[in-house]
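Please open the model in your viewer, show it as a cartoon, and keep the sequence panel beside it. This tour moves from the whole chain to single residues, with one selection at each stop.

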Amino acid sequence: MIEISSIADDLTKFEQIVAWCTTHPDEVPFAMKILMGGGSRQP
């Protein structure tokens with residue numbers, strides 16, 4: 001996911017995210033949390 005998030009082209013990034021999600025369906029919620037900036041913040 002980190003490699004994908006560093007891709008500059010939005011279309012390529014989207015295509016890579018879709019491909020990753022289809023191969024790692026159990027990790028999608030965790031990845032979305034990280035991509036949206038919700039990493040490991042403390043409340």
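Helices and strands are here DSSP runs, a helix having at least four residues and a strand at least two, and both are numbered from the N terminus. With that in mind, select the whole chain of this predicted model and follow the elements from the N terminus on, which run α-α-α; the chain has three helices and zero strands.

Stay with the whole chain and colour it by pLDDT, which averages 79, with 86% of the residues scoring at least 70. Where is confidence lowest, and where is it highest? Select helix H1, residues 2–5, for the lowest mean, 79, and then helix H2, residues 10–23, for the highest, 88. Where pLDDT is low, the predicted coordinates should not be read in detail.

Next, switch on the surface, of which the chain exposes about 3,600 Å², with carbon and sulfur atoms supplying 61%. Buried residues make up 7% of the 43 residues in the chain.

Now select Leu11, Phe14 and Val18 together, and you will have a nonpolar surface patch whose accessible area comes to about 300 Å². Of these, take Val18 alone: this residue sits in helix H2, and it counts as partly exposed because its relative accessibility is 38%, which falls between the cut-offs of 20% and 50%.

For the last stop, select Glu15, which also lies in helix H2 and, at 45% relative accessibility, counts as partly exposed. Add Ile4 to the selection and draw a distance between the two C-alpha atoms: these residues are eleven apart along the chain, and the separation is 9.6 Å.

How values were computed. Residues are numbered from 1 along each chain as its sequence is written. This is a predicted model: local features need pLDDT of at least 70, side-chain atom pairs count only at pLDDT 80 or more; totals for chains, interfaces and linings use all residues. Side-chain values use heavy atoms; hydrogens and water are left out. Buried means under 20% relative accessible area, exposed over 50%, partly exposed in between (1.4 Å probe, protein chains only). Accessible areas come from the Shrake-Rupley method with a 1.4 Å probe; for residues, only the protein chains shown count as cover. pLDDT is the predictor's confidence in each residue, from 0 to 100. Patches are made of residues with over 30% relative accessible area and no salt bridge: like charges are joined within 9 Å, nonpolar side chains (Val, Leu, Ile, Met, Phe, Trp, Tyr) within 5 Å. A salt bridge is a side-chain nitrogen of Lys or Arg within 4 Å of a carboxyl oxygen of Asp or Glu.
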